[in-house]
Structures are given as structure tokens and as C-alpha cells.
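Here are a few short exercises to work through with the model open on your screen. Try each task before you read its solution.

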Amino acid sequence: MSPKTRMIEVRQNVLKQNDIVARALRERFHGAGVFVVSLVSSPGAGKTALLENTLTLLRQQYRVAALVGDLATENDAARLARSQAPVKQIITGTVCHLEAAMIESALAGWKLSDLDFLFIENVGNLVCPSSYDLGEDLRLVLMSVTEGEDKPLKYPTIFNSADVALITKIDLAAAVEFDATAANASIQAVRPGMAIFDVSAKSRQGMEEFLDFLRSRRDVARAVPASQDAGAFAAPD
Ligand SMILES: Nc1nc2c(ncn2[C@@H]2O[C@H](COP(=O)(O)OP(=O)(O)O)[C@@H](O)[C@H]2O)c(=O)[nH]1
Ligand SMILES: [Mg+2]
């Protein structure tokens with residue numbers, strides 16, 4: 001057996017184990033009636049800024065909480081905690097993505113049935129998080145106007161693993177001569193029909209439409225029996 005064959009086998013086993021934990025998490029989330037939304041993007045695309053706003057605005061009406069993953073520091077948890085929502089930092093050390101088992105451990109001590117929404121900010125990375133199901137109902141992929149319109153073409157896997165795209169920092173679009181038509185075409189080329197929201201965490205442009213979307217997706221998810229919902233995530237090959 002070559003070392004390469006062995007590496008592939010180990011990777012398949014890790015992913016399989018993750019899928020088992022993720023499936024159990026998804027059933028637990030659904031049983032508790034909590035709608036779980038994860039965020040993936042490159043570092044600095046604006047996940048924490050968007051999430052801080054989301055928690056602050058949704059908290060007026062819903063019970064919300066967040067988990068946030070980074071290789072090091074509790075900086076993002078401190079930013080998110082300004083919303084007054086319960087927040088926990090997951091420190092991954094050298095690991096470039098969150099795994100379902102990390103979510104399971106981080107949830108110890110939290111009563112899920114006390115929550116309407118749980119948000120999970122993944123480690124900033126456009127490659128590693130794509131293969132790991134976290135049991136979430138909805139995965140958002142963020143792409144900021146400063147990153148280049150062709151990012152979806154360069155990193156198709158992460159866009160394929162997500163349900164919805166958000167174009168962030170839209171307040172900076174004119175300053176960086178952002179080409180919205182090209183960006184939308186890149187996303188649609190990789191994932192035809194994908195819903196796209198333009199948002200700014202600074203000006204809050206687009207936030208209400210985005211929050212309305214989250215509310216309606218939660219209402220729809222809660223109307224579906226748990227048995228029909230399990231295994232919604234399709235990890236890319
Ligand atoms: N102008 C502008 N800056 C933003 C926006 N969202 C985030 N930023 C800035 O972009 C940087 C990275 O944001 P952060 O939320 O930490 O990104 P993350 O690494 O994806 O969590 C910070 O300096 C933010 O203040 C936005 O909507 N508009
Ligand atoms: Mg962050």
C-alpha cells in the first residue's frame with residue numbers, strides 16, 4: 001500500500017466519522033427546534049461583522065447564540081458578545097476548519113431548546129471547511145467586494161458546499177470598482193440558481209432582506225418533520 005493510498009483512506013475515515021457526528025447533531029438541532037446557520041469565507045471577508053449585526057438585530061425578536069472558530073485568540077467571541085447573545089469561541093490550533101465533534105463539545109452546557117437560531121462562524125478559509133458537515137440547516141458563503149470577482153471560479157468547492165452567497169462590504173463597491181455583473185456570473189457559473197444577497201455590516205444596507213430570508217427559512221425548516229430533514233448536507237467529493 002503506497003503512502004498516498006493510506007492518506008486517502010485516513011481522510012475518508014475522518015470524513016465518515018464527521019458525517020456520523022454531523023447527522024446526530026442535525027437531528028438534535030431539529031428536535032430542539034433551533035435553526036442552525038453557518039458562515040464560511042476567506043479570512044477578513046466580514047463574517048464576524050455580519051454576525052455581530054445579525055445577532056444584535058435578531059435578538060430583539062428571537063433567542064440567538066453563536067459559536068466561532070479560529071486557530072487562535074478569543075477576539076471574535078469578544079466582538080460577537082457585544083450583541084449580548086451567548087457566544088463561545090472554538091480554538092482549533094493548527095486545524096483550518098471546524099468539525100462536527102468540535103461543535104458537539106462546544107455546545108456542552110447549552111440547552112438547545114432555549115434557542116431559535118444558532119450561528120456558527122467557521123475558520124476563515126476557502127478550502128478546508130467545504131468537506132465538513134456541521135449539521136447546520138443553512139450554509140452561507142461570504143465574498144467581499146475587495147476579493148476579486150472570480151473567487152467562485154477559483155474556489156468552486158466552497159461555493160458548491162454552501163446554500164446561499166453573500167456579497168459583503170457592499171459600501172466599498174464603488175471605491176474598489178467592484179463589477180457586480182461579473183461577480184454574479186462567477187457565482188452562477190459554479191452554482192446555477194444560487195441566491196445572492198448584497199450586504200454591508202457598516203451601513204447595514206441589505207441587512208433587512210437578509211434577515212427576512214433567515215426568518216422565512218427557519219419557518220420552513222420548522223414545518224418539516226425531523227425524519228425528512230436528516231442528511232440535508234451533500235459534501236462535495
Ligand atoms: N467597509 C466595510 N468594512 C467591513 C465590513 N464588514 C467587515 N469589514 C471590515 O473588514 C475587516 C474584517 O472583518 P471581519 O468581520 O473580522 O472578517 P472575518 O475574518 O471574515 O470574520 C474588519 O476590519 C471589518 O471592520 C463592511 O460591511 N464594510
Ligand atoms: Mg471572524
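**Exercise 1.** Work out whether phenylalanine 35 is buried or exposed.

*Solution.* Start with the cut-offs: buried is under 20% relative accessible area, exposed is over 50%, and partly exposed is in between, using a 1.4 Å probe and protein chains only. Next, take the value for phenylalanine 35, which is 3% relative accessibility, so this residue counts as buried. Keep in mind that this is a predicted model, where local features need pLDDT of at least 70, side-chain atom pairs count only at pLDDT 80 or more, and totals for chains, interfaces and linings use all residues. Residues are numbered from 1 along each chain as its sequence is written, chains are lettered from A and ligands numbered from 1 in the order in which they are written, and side-chain values use heavy atoms, leaving out hydrogens and water.

**Exercise 2.** Find how many aromatic pairs the whole structure holds, then classify the one made by phenylalanine 35 and phenylalanine 117.

*Solution.* The search turns up 5 aromatic pairs. To pair, rings of Phe, Tyr and Trp (its six-membered ring) need centres within 6.5 Å; planes under 30 degrees apart are stacked, over 60 edge-to-face, and the rest tilted. For phenylalanine 35 and phenylalanine 117, the centres sit 6.0 Å apart and the planes meet at 85°, so call this pair edge-to-face. Now place the partners: phenylalanine 35 is in strand β1 (residues 35–40) and phenylalanine 117 in strand β4 (residues 117–121), so the pair links distant parts of the chain, 82 residues apart. Helices (H or I, at least four residues) and strands (E, at least two) are DSSP runs, numbered from the N terminus. Phenylalanine 117 has 0% relative accessibility, so it counts as buried.

**Exercise 3.** Do the same for phenylalanine 197 and phenylalanine 213: what kind of pair do they make?

*Solution.* Their ring centres are 5.0 Å apart with planes at 50°, so this one is tilted. Phenylalanine 197 belongs to strand β7 (residues 195–198) and phenylalanine 213 to helix α8 (residues 207–223), so the pair ties together parts 16 residues apart in sequence. On accessibility, phenylalanine 197 comes in at 15% and counts as buried; phenylalanine 213, at 16%, counts as buried too.

**Exercise 4.** Which residues form one aromatic cluster with Phe35?

*Solution.* Go back to the edge-to-face pair, Phe35 and Phe117. Add Tyr62 and Phe119, and you have the cluster. For the wider setting, 49% of the protein's 237 residues count as buried.
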